[in-house]
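Here is a walk through a two-chain model, written to be read with the structure open beside you. We begin with confidence, then look at each chain, and end where the chains meet.

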Amino acid sequence: MAQKKQGKEYIQGVPELLVLRLLKDREMYGYEIVQAIRLRSQETIQFGEGVIYPLLHSLQKQRLVAIRRAKVQGRPRVYYRLTRSGQKKLASKVSDWTRITNAIHAILDGQTSDSETA
Amino acid sequence: MTPKQLEQLAISLTHEGYSRGYIRRLVQEIQDHRSCICQEITNQPIEESRNTLSTIERMGTNDEILAAVKVHNELMPFSKRYPLVTFAALPAFLLLLTTAIAVCLSNWIVYSISTGSGGFFRPLLVPVETAHFVFPILVAGVAGLVATRCRVPILFPMTTALVTAGAALFQVDFGYCVVSGSIICRQHWELNPLQLAGIWSALFAGLVASGLLVRRSNRQLILAD
């Protein structure tokens with residue numbers, strides 16, 4: 001039952017996972033995050049760029065990321081960085097992701113379990 | 001996304017009841033993002049820029065952003081969405097809850113002592129005077145722990161402090177509540193100790209179950225985000 005739930009959460013939590021992973025390397029602002037997702041996924045993952053901000057705000061409220069405000073070319077800009085609890089959350093999400101993608105690969109590769117072969 | 005669209009987004013968010021500070025911050029971030037996209041497009045070679053999406057297309061529609069704001073807000077636990085309400089109201093609710101549980105539990109145990117029908121609870125029995133102090137504090141602690149598991153950590157010290165302060169302020173004598181409660185139960189409903197024990201147990205189990213349910217739903221909300 002717990003495994004089932006985790007599967008659902010994993011699908012819904014993909015944008016969160018990507019953002020947390022990117023912020024692990026260095027602090028970034030919204031536009032940078034979107035560009036990094038686009039470039040690193042070779043333009044496979046694209047979305048309305050404005051929707052990144054509600055996600056970032058929600059991560060901030062959960063204290064998974066912290067912010068720093070700055071003025072760049074006269075414009076206010078908010079930089080996001082990963083907090084300690086964000087690092088923990090990222091580690092747990094990466095572990096869930098690895099487990100589930102391995103399970104999916106096992107199915108796609110046509111591996112059979114012992115009980116099936118018996 | 002044009003300035004007019006941004007203005008419309010701000011109006012829609014205001015109608016949805018989001019704070020002015022939040023809306024201002026979101027609009028500022030989107031404006032900055034839009035400026036970055038404009039700079040990016042300006043710096044591109046002409047051939048490349050023909051194939052790129054416009055700023056409006058890339059930013060997403062107002063409806064998409066509004067939907068994202070709503071989804072992320074709804075997925076937040078209650079305590080994160082309304083921290084002030086949580087801070088002010090939940091301790092008051094827990095104060096009532098812990099007082100009720102304290103009275104119920106003490107009532108059950110002291111009634112068992114007074115009627116001599118403690119049964120298998122007998123080894124757990126303590127002097128009535130001790131019960132006056134110990135049970136409310138114990139129950140406040142349990143309620144605080146439940147609150148902590150519900151991801152509202154501040155409620156643990158607050159609940160314990162409030163129960164103690166409340167009892168002192170209103171000069172609540174838990175012992176008096178216990179004895180009078182037992183007498184009322186005995187006189188009005190003619191309950192035997194076993195029936196009383198059953199009622200209090202069911203009540204307590206219900207409270208624990210509801211606490212666990214709150215905790216479970218909060219956890220799901222956080223993880224589903």
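## How far to trust the model

Among the elements of chain B, helix α9 (residues 155-169) has the lowest mean pLDDT, 54, while helix α2 of chain B has the highest, 88. Over residues 118-126 of chain B the pLDDT is below 50, and this stretch has 9 contacts in the model beyond near neighbours in sequence. The pLDDT also stays under 50 over residues 217-225 of chain B, a stretch for which the model has 25 contacts beyond four places in sequence.

Please keep in mind that this is a predicted model. Its scores are ipTM 0.81 and pTM 0.58. Chain B has a mean pLDDT of 65, with 29% of its residues at 70 or more. For chain A the mean pLDDT is 84, and 83% of its residues reach 70 or more.

Chain A has its own spread of confidence. Its helix α1 (residues 2-12) has the lowest mean pLDDT among the elements of chain A, 48, and strand β1 (residues 28-29) has the highest, 95. Over residues 1-8 of chain A the pLDDT stays under 50, and the model has 7 contacts for them beyond four places in sequence.

## The two chains in outline

What does the secondary structure of chain A come to? It comes to 6 helices and 3 strands, and from the N terminus on the elements run α-α-β-α-α-β-β-α-α. In chain B there are 11 helices and 0 strands.

The table sets out burial in each chain.

| Chain | Residues | Share buried |
|---|---|---|
| Chain A | 118 residues | 41% |
| Chain B | 225 residues | 36% |

Contacts that span a long stretch of sequence can be followed in both chains. In chain A, 47% of the contacts between residues at least 6 apart in sequence join residues at least 24 apart. In chain B, residues 24 or more positions apart account for 69% of the contacts with a separation of 6 or more.

## A covered helix in chain A

Helix α3 (residues 30-40) of chain A is mostly covered, with 8 of its 11 residues buried. Those buried residues are G30(A), Y31(A), I33(A), V34(A), Q35(A), A36(A), I37(A) and R38(A). What do they pack against? Within chain A, their partners are α2 (14-25), β1, α4 and β3 (75-82), and from chain B they are α2 and α4 (55-59). The buried side of α3(A) thus takes in elements of both chains. Just after α3(A), Q42(A) takes a positive phi of about 50 degrees.

One of these partners, α2(A), can be followed residue by residue. Two packed helices are described by the angle between their axes and the distance between the axes. The axes of α2(A) and α3(A) come within 10 Å and cross at roughly 105 degrees, so the two helices are roughly perpendicular to each other. From α2(A), the residues L18(A), V19(A), L22(A), L23(A) and D25(A) meet I33(A), A36(A), I37(A) and R40(A) in α3(A). By class, this contact has 7 nonpolar, no polar and 2 charged residues.

## Where the chains meet

Now look at helix α4 (residues 52-61) of chain A and helix α2 (residues 20-43) of chain B. Their axes come within 11 Å and cross at roughly 130 degrees, and α4(A) and α2(B) are therefore oblique to each other. The crossing of α4(A) past α2(B) is right-handed. Y53(A), P54(A), H57(A) and Q60(A) in α4(A) meet Y22(B), R25(B), L26(B), E29(B), I30(B) and H33(B) in α2(B). The residues of this contact divide into 5 nonpolar, 3 polar and 2 charged.

Is H57(A), in helix α4 of chain A, buried or exposed? H57(A) is buried, because its relative accessible area is 5%, under the 20% cut-off. Leaving aside neighbours within four places in sequence, H57(A) is in contact with Y80(A) in addition to Y22(B), R25(B), L26(B) and E29(B).

Helix α2 of chain B also holds C38(B). With 35% relative accessibility, C38(B) counts as partly exposed. C38(B) and S54(B) are 16 residues apart in sequence, and their C-alpha atoms are 8.8 Å apart in space.

Conventions. Residues are numbered from 1 along each chain as its sequence is written. Chains are lettered from A and ligands numbered from 1 in the order in which they are written. This is a predicted model: local features need pLDDT of at least 70, side-chain atom pairs count only at pLDDT 80 or more; totals for chains, interfaces and linings use all residues. Side-chain values use heavy atoms; hydrogens and water are left out. pLDDT is the predictor's confidence in each residue, from 0 to 100. Helices (H or I, at least four residues) and strands (E, at least two) are DSSP runs, numbered from the N terminus. Contact means heavy atoms within 4.5 Å. Axes are lines fitted to C-alpha atoms, for helices over the stretch in contact, and angles run from 0 to 180 degrees between N-to-C directions. Angles under 35 degrees count as roughly parallel, over 145 as roughly antiparallel, 65 to 115 as roughly perpendicular and the rest as oblique. A crossing is left-handed if the near helix is turned anticlockwise from the far one by less than a right angle, and right-handed if clockwise. Ala, Val, Leu, Ile, Met, Phe, Trp, Tyr, Cys and Pro count as nonpolar, Asp, Glu, Lys and Arg as charged, and the others, Gly among them, as polar. Buried means under 20% relative accessible area, exposed over 50%, partly exposed in between (1.4 Å probe, protein chains only).
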